[in-house]
Amino acid sequence: MKLEFIFHKKDRTPKILIISLILLIGYVMVFALALHPIKAAGSTDKDNNVEILVVYNGDYDNFIRSLKIDDSFEIDKTDRISELRDADDYDVVVLLDPDVDEFNDLEINNLTTFIKKGGGLFLLCGPNLEDESYLLEKLNILEKSADMGYNDEEYVLTPKDEDHEISKKIEWNSAPDLKDILILHDLNDSVDVIIKGYPISKNLEQEKYKTLIFGERDLGKGKISIFTGLMEDAYNKEFKLWPYFNYFIYSVIQDCQDEPIPEYHQWEYSPVPHLFEQILLSVYVSIVSIVAILLFLTVRRRSKLNPIDKKSTPDKKDEAEKMEATEPPPIISLEELKLLEKKEIEELEKKTKIDLKDEWEQIGTHRQISGFFFSFFLGLLIVMPQLVVTTFIIPRYVQPYPQASGYYNFAYQFFQAIWMVFDVGTSFALAKYFAQYRVKDPDKAIHYIQIFVWWQILTGMLQIILIALIGSIIFPQTNMAHMTWIFISYSLVQYPGFFLVFIYIFQGQQRGDLQLVGYILYAVVLNLIGQIIFILIFREWGRMNPIYGEALGAGIGYAFGAYFAEWSTFFITMIFFKKQGFSVKRIFRADFFKQELNEALSYGVKLMIGNIWVPAVWLFQMVLIAIYVPNYSNEFGYFNLAYNLVIIISFLALFANSLLGGFSEAYEHNRPNLVKLYIYQGFKWCNYLAFFLVAVLLATGDLFILGAAGPTWARATYYLGFLIIFQLFGPYSWIGDATFEGTGKTLYAGIAWIIEQMLRAILLLILLMNFNNMIYVIIAYIPALIIKNLFVWIVVKKKISDYKLYPWTSFIAPGIAAIITYVCLRFVSLLVWEIPLGDKIINVLLLFVVGIFVFMYFFAFLAGFFGGFDSNTLKEFERAAAMIGGVGKLTQFLYKITYAGCKISPLHDRFKVKIFEIAMNEAYTLTLEKEQLKI
């Protein structure tokens, strides 16, 4: 495709895009400066420096590099125990797993004398100490003849002495687990256990299985600190990449000397924004804000001076409402339509101003079904490599640190909530009002696109002020300080915020094929490409700069990967948009009227009544997790891996959202039976695919995780079952939301969210306080979502539409098919798993192909055989399948398999959808009223 097609002379690139790209370059430059490798000058006054002797004999390069970060530490290294005879020359001695066979009473006496005079000893355990407790007994850390044991099970860390400075100033709940530690039994009573650990499998028996991780005891005027985690380079790499690790080492050295420990954000070597970075961010945010305001004022003035759609005035709304209040035109039956001669069809086309042969212009549920199946099969073809990437390549080779995945998931959920608040429903308003006004007033419909664009630009300015600028000052002082740079980078990703505008336009057009393809490209393909590229870049950057480290670098890389995906999606979907013959320039004008802005915001504010509870409870949830769930960064990582697998069910939310425009068209233009048909089809197809996907995930999910990600990520299987159950109830909520939003009943949507979120918050508080386990976060979701769904569909029944769900075709037939599919697929999966194919990833890929591309057709046959379709819905399935190009062959074959099941079924046409024909007649008469769309 030639570049001229994208930016031809008649439709030059809007200046707003050029300015946005300049701001993007500025954003990258700001981060390059703010995250430059830091090497502080350190103190030039030798009297204020700390003299440290490090005694070791092994590979401790990473630990020593962390110790050397603070330039006030003057470090001498030796592998000779005899150097302890000169210990008086130092302030602190660090023993890294000393070889006790080299100790004699003279060295030990020199060491204890040094400590009694006021020196500090930092002792780190390792395999050498496991073999002999002599040194620990001499230092009165252990009782005589004490037992010690080496452990390789994951231990979760939590404070024991919560009043100690090292407990209070470090967010220990964010610490990765320690896998390699030395278990010390029979501690001397003089040892104060500051940080304890317990096996991750013994969450409910913490006190019974607790062991010393970090402790100390006074000896004369000095102090001995002991840490039982193995710190040699080959051990506990995750812990050494923890953003608090360097600060922990620094704090221990300070504490050994009874020196004050500054707060995390006050230590100049902590990976948080300090004064220079805060000034840099304030300059960038100020420039962005000034540019945004001036740009809007300029575009608004020029739009008024050069109006395009003079007929589209505030009075148009009143005219439209009068037209919509009139009786609908006479219904033409489908049989009569078939009898129309070619000339009559041509006359009708001229009269209606649209091409009636274009299936995408004809109103009806076939558009949503066709668009969804096109995207579904395209998505499946993409999901296969995507699952290999997310569950095999990324966790093993690109980003092997669960804590970094946890940071990303934490920040992502946080900002999903924040963005939802600032959006004020304008994205939903775009799709809803575009679909509503597109029928009779296309010019007015375009105004809602412009409202979305400028709302995102101007409110995005507020977001980066609040999060990037103010957050750079406030976040470092909270228990989420270690994630400050990730929060900042994610807040800047949101600006200018209009990246998905074309996807929302496609939703309003009910071009489900373009909408869903655009979303798949964004959420799957481009997001993964961005993640891989930028995670690797920032991991290397973090490796070179130990103040940040690889794990935190990977977390920041996720944010930059998201920014790459946002921009890439914008330009690719812009090409889709322009291929329809539309102008990009017009959507960046500001032709909208105050009345239209008020209408969009009034609609959105009603959504916000409920929406604001979603981020509030998310924030509440994150606070509870940070307080009550030990090792929450890693747990988020395991959770996220499982979620990445079951998220395929969330794909159905795209189908539910694609119904929004249909609801708006049908409801606002008085087509009640068409509304009923949209509701029925929403339930039918969401159940059809959700039941199938649940069967596949239950049968293969645990094997997929173990085979793809490996044993390091095995704990992700712990979350799998509950996530599948939670996702099973999601489609009913998504369809309900689309119904409320499409019909303008957003107040009820808000009430439903309030009910769900309040119940979720109560359950979260009760369960996390009592069980300290993240699995209860998911458990709290399930009853809250079920109760919300019951409320939603009772209200829809009473206030919007007296719908009928036809239980046999919507629930029972696909349910029976799913149960049989699960049983057969589980049996086949266990056989495939045992095939010796070398790396289990090959077995996993084979499972995926068999589970999806074989058993889907098996499921389709069963659904048809058990009466899941009547003649009308089967014919509509055929119509939708015929509209799809490319991967449409897969859908057409699915239809044929379904048809084969229906043909031999004794239940076929026993459960007819009685509203189908009259609903489709309503759809046809509405199609005749459509005006031609010009952008």
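Contact here means heavy atoms within 4.5 Å. Helices (H or I, at least four residues) and strands (E, at least two) are DSSP runs, numbered from the N terminus. The model is a predicted one, so local features need pLDDT of at least 70 and side-chain atom pairs count only at pLDDT 80 or more, while totals for chains, interfaces and linings use all residues. Residues are numbered from 1 along each chain as its sequence is written, and side-chain values use heavy atoms, with hydrogens and water left out.

The chain holds 37 helices and 10 strands. Of its 935 residues, 62% are buried, where buried means under 20% relative accessible area, exposed over 50%, and partly exposed in between (1.4 Å probe, protein chains only). Taking contacts between residues at least 6 apart in sequence, 82% join residues at least 24 apart.

Now to the sheet. Eight strands make up an open sheet with mixed pairing, in the order 2-1-3-4-10-9-8-6; two strands count as paired if DSSP finds at least two bridges between them. Its edges are strand 2 (73-78) and strand 6 (155-159), each of which pairs on one side only. On average, neighbouring strands in this sheet are turned by 20° against each other, direction ignored. Axes are lines fitted to C-alpha atoms, for helices over the stretch in contact, and angles run from 0 to 180 degrees between N-to-C directions.

Strand 3 (residues 92-96) and strand 4 (residues 120-124) supply a parallel pairing, with five bridges; L96 has L124 of strand 4 as its bridge partner. Strand 9 (residues 211-219) is antiparallel to strand 8 (residues 192-199), and five bridges join the two. One pair here is G197 with T211, the latter in strand 9. Strand 9 also pairs with strand 10 (residues 222-227), again in the antiparallel sense, over six bridges, and D218 stands opposite K223 of strand 10. Two residues separate strand 9 from strand 10 in a hairpin, and G220 in the turn has a positive phi of about 65°. As for burial, eight of the nine residues of strand 9 are buried.

Two helices lie across parts of this sheet. Helix 4 (residues 105-116) lies across strand 3, strand 4, strand 9 and strand 10, and runs at about 115° to strand 10. Helix 10 (residues 245-256) lies across strand 1 (50-56), strand 2, strand 3, strand 4, strand 9 and strand 10, at about 140° to strand 4.

Further along comes helix 22 (residues 549-579). Its 31 residues should span 45 Å at 1.5 Å a residue, and its end C-alpha atoms are 45 Å apart, which agrees; the expected span is 1.5 Å times one less than the number of residues. Of these 31 residues, 26 are buried. Just past the helix, G581 takes a positive phi of about 90°. The axes of helix 22 and helix 19 (residues 484-493) come within 9 Å and cross at roughly 5°. That makes the two helices, 19 and 22, roughly parallel (angles under 35 degrees count as roughly parallel, over 145 as roughly antiparallel, 65 to 115 as roughly perpendicular and the rest as oblique). On the helix 19 side, W485, I486, S489, Y490, L492 and V493 meet L552, G555, I556, Y558, A559, A562, Y563 and E566 of helix 22.

Helix 20 (residues 501-509) has eight of its nine residues buried, so it is largely enclosed by the rest of the structure. The buried residues include V501, F502, I503 and F506. Q510, which follows helix 20, has a positive phi near 60°.

Helix 33 (residues 807-833) and helix 34 (residues 840-865) pack at about 155°, with their axes 9 Å apart. Helix 33 is therefore roughly antiparallel to helix 34. Their crossing is right-handed (left-handed if the near helix is turned anticlockwise from the far one by less than a right angle, and right-handed if clockwise). Among the helix 33 residues in this packing are A813, P814, C824 and W833, and the helix 34 residues include K840, F855, F858 and L862. S829 also belongs to helix 33. S829 is buried, with a relative accessible area of 0%. Leaving aside neighbours within four places in sequence, S829 is in contact with A699, T700, L703 and L847.
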